Amino acid sequence: MRIRLFFLLIAAAAFTFLTACGSSSHPAVTFTSPATSVSAAGTANFTVTVAHGSKGVTWSLSCSTTSNSTSQCGTLVNPAALTVTYQAPVSVLTGSVTLTATSVDDVSRSAAASFTVGAPSALSLPDGNYVFRLSGWDTSDNVDVNGSPFNIAGVFTIKSGAITTGEQDFIDSHFTSASDITGGTITATNDGNLQLVLTTNTVSGFPLGTETLNLTLTSVTSGTSTTGGLLTWFDTFATGSGELALQSATAAASAPTGAYAFVVSGFDSKLCAIAIGGVINVDNNPTSGDISGAGSVVDANDCGSAQVGHHQSLGASAVSSPDGFGRVVFGKLHPSLTPSSSYIGYIIDGNRMALVETADTLLGVTGGIAYFQKSVNGSFTLAQNLSGSSYAFGFAGSDVNGPFSSAGSLTFNSDGSVSGTADFNDLATQSLANGASNVAAPAGSTTVDATGRVTVIGLVLTDKVNRNNQITFDLQLYLDGSGNAPGLTMDSNDTAAGPSFLQTAGAALAGNYALAGSGDASTGPWSAVGPVATAGPSGFTDFNYFNDTASPLASAQFSDVNLSGTVTSGTATLTGLGADSIAAGTPTSNTFDIFVIDANRAFGIETDGAQTLPTPATQNGLFFTAFQN
């Protein structure tokens, strides 16, 4: 009996031992409550457990064969031994996505979780008034057979998801029009944009009855609402880019007063590039709304004539009280040297105002932005308001070679010197910088006057491709005291203008952004907007390409263009922003240098062609990103 019990104990021990050995050699991988659906552009966290395994898992991702062929599966972010974050593409997938976790201890053991990528909770524009502004090129009948530049600004009202009323001002080489917006629609597109169709009345022969604008939302303030976004014109009449912003009702009802830093740009009556900037001081002298000229300054660069238009005074003028949409009229502004000009302003909030030129003696086609100078007006200095600061800028215009764009980062030092990096692209290889070329100005080059006008003389960019090629720029910037500084070039080499913003040191881009780009390619200008996720990156754009060689003139629209590529520190390679390759149906990659403003914004400038001397570049472009969620 004892012998029999002994053998039974031996057998039980052996069975326990063999069972334990078998379990350790076959880890079991199990997902913990995996998600079954993820919203487009959203994220989901996945966790697994591994029984009898100590090394965790490796992660892999695949799409079903029924997925949209132009979409990506998504991206895995921060993969760890037992956890990973899935970043969905910004567009809906028609099939399923499978996430597989494979044991490192035993690769024959794995587990899979399948889920769908569906439409996000519909983002919407809440009820209110919205200011919009765009610039670009249209197909209007005019003296230039290649089309006409245009600028437009206005306000429309949204109520219960529909556009109900509004007004706008439009100018190109043939038409100057103030018209009513009588209604419109808002619809969601497959790639995450909204399409706005504005219905307008016809005034003074203005050719449009409807205008189609595609919008990528930014500045999400709650789960389903936003305060504005980036725009592209998206019908056959024109191509152009701009922005939309929720209007402050309080600001829109208040008459402008105080000083405004502003820049407008576009083309003069001979279709040569022009940029005008300065500070307009509404000092209410002698009566409300009057502009005496005291505390106001103006600079103008018309077709490279910067030295003629430099540091002008401003004669007496006035600005009207706002109408029910926050529209004001700046009466004829009289610089001491440049022909007088008039502007319509649409108040956005207490800080900003959209500007568009109206009928005047300048006969230009210009538009831009003004920033209210709050507490610093009339007391700016280099030491207090600029020294030690870095500003990122993005300018566009023309030079002797044609369309011109420039972007960079400038650091202003206490001795008046400037250091930093910058690029420019004018489609001519002898003037094409690439890879954040060095830019510098010696001590004493920078001055700041009391109005907030910054003058930089002798800013030298050394072309990184051809180090013997040094280009000299003169700049004017106009500080508002809150981190905004619109500016323009003030030399005979080029005429360009645009925004610049105070940079946050060490900032990087991460997350979902709205992207708006514009530039010129082989047959004419292009513009695009769309959502993009930096993880990947992945995204889509609605792309508009203006063919100024066609007869009749035409603008072609391409929806849901897949955006993919890589983004590293300071550079990006992106497929989905090349106009000619998109038009040909086979998008190819383009390279960009990126200048980060802060975690929410960045400029990108196209740098293609610089490494293929002597072959010229076929496209230039400048894009701006704004944080989405």
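Welcome to the tour: the structure in your viewer holds 19 aromatic pairs, and since this is a predicted model, everything below describes that prediction.

**Stop 1: aromatic rings**

Select Trp-137 and Phe-267 to begin. Their rings make an edge-to-face aromatic pair, with 5.3 Å from centre to centre and 70 degrees between the planes. Now colour the strands that carry them: Trp-137 sits in strand S9 (residues 128–138) and Phe-267 in strand S17 (residues 258–267), so this pair links distant parts of the chain, 130 residues apart. Turn on a surface and you will find that Trp-137 is buried, as is Phe-267.

Next, pick Trp-233 and Phe-237. Is this pair stacked, edge-to-face or tilted? The planes meet at 45 degrees, with the ring centres 5.9 Å apart, so the pair is tilted. Trp-233 and Phe-237 are both buried.

For a group of rings, show Phe-31, Phe-46, Trp-59, Tyr-86 and Phe-115 together; ring pairs link them into a cluster.

**Stop 2: an open sheet**

Switch to a cartoon view and find the open sheet of 4 strands, which follow the order S1-S3-S6-S5 with antiparallel pairing. At its edges lie strand S1 (28–31) and strand S5 (75–77), each of which pairs on one side only. Neighbouring strands in this sheet are turned against each other by 30 degrees on average, direction ignored.

Zoom in on S5 and strand S6 (residues 83–87): the two run antiparallel and are joined by 3 bridges. Which residue of S6 stands opposite Val-77? Select Thr-85 and you have it.

**Stop 3: nonpolar cores**

Now select Leu-386, Leu-410, Phe-412, Leu-459 and Leu-479. These residues touch the most other members of the largest nonpolar core, which has 26 residues. Strands S26 (390–399), S27 (402–412), S28 (418–425), S29 (437–441), S31 (453–462) and S32 (470–478) are the elements that give two or more residues to this core.

Stay with Phe-412 and display its surroundings. Leaving aside residues up to four places away in sequence, Phe-412 touches a set of residues that includes Leu-386, Tyr-391, Val-418, Val-456 and Leu-477. Polar names appear on its contact list too, among them Ser-387, Ser-389, Ser-417 and Thr-446.

Apart from this core lies another, of 24 residues; to reach it, select Ile-152, Phe-175, Leu-231 and Leu-244, which are among its members.

**Stop 4: salt bridges**

Side chains of opposite charge can pair when their charged atoms come close. How many salt bridges does a search of the whole structure find? The search gives 6.

Start with Asp-169 and Arg-327, whose side chains meet in a salt bridge at 2.8 Å, N to O. This pair also links distant parts of the chain: Asp-169 belongs to strand S11 (residues 162–172) and Arg-327 to strand S22 (residues 327–333), 158 residues apart. Both Asp-169 and Arg-327 are buried.

Move on to Asp-449 and Arg-453, which form a salt bridge at 3.0 Å, N to O. Here Asp-449 is partly exposed, with a relative accessible area of 23%, while Arg-453 is buried at 7%.

Then select Asp-598 and Arg-601, joined by a salt bridge of 2.8 Å, N to O. In this pair the aspartate, Asp-598, is buried at 14% relative accessible area, and Arg-601 is partly exposed at 23%.

Finish by adding Asp-299 to your selection of Asp-449 and Arg-453: salt bridges that share partners join these residues into one network.

Notes
Residues numbered from 1 in each chain as written. Predicted model: local features only at pLDDT ≥ 70, side-chain atom pairs only at ≥ 80, totals over all residues. Heavy atoms only, no water. Salt bridge = Lys/Arg side-chain N within 4 Å of Asp/Glu carboxyl O. Buried < 20%, exposed > 50% of the residue type's maximum accessible area, 1.4 Å probe, protein only. Pairing = 2+ DSSP bridges. Axes fitted to C-alpha atoms, helices over the stretch in contact; angles between N-to-C directions. Core = buried A, V, L, I, M, F, W, Y, C linked by side-chain atoms within 4.5 Å. Contact = heavy atoms within 4.5 Å. Phe/Tyr/Trp six-rings, centres within 6.5 Å; stacked < 30°, edge-to-face > 60°.
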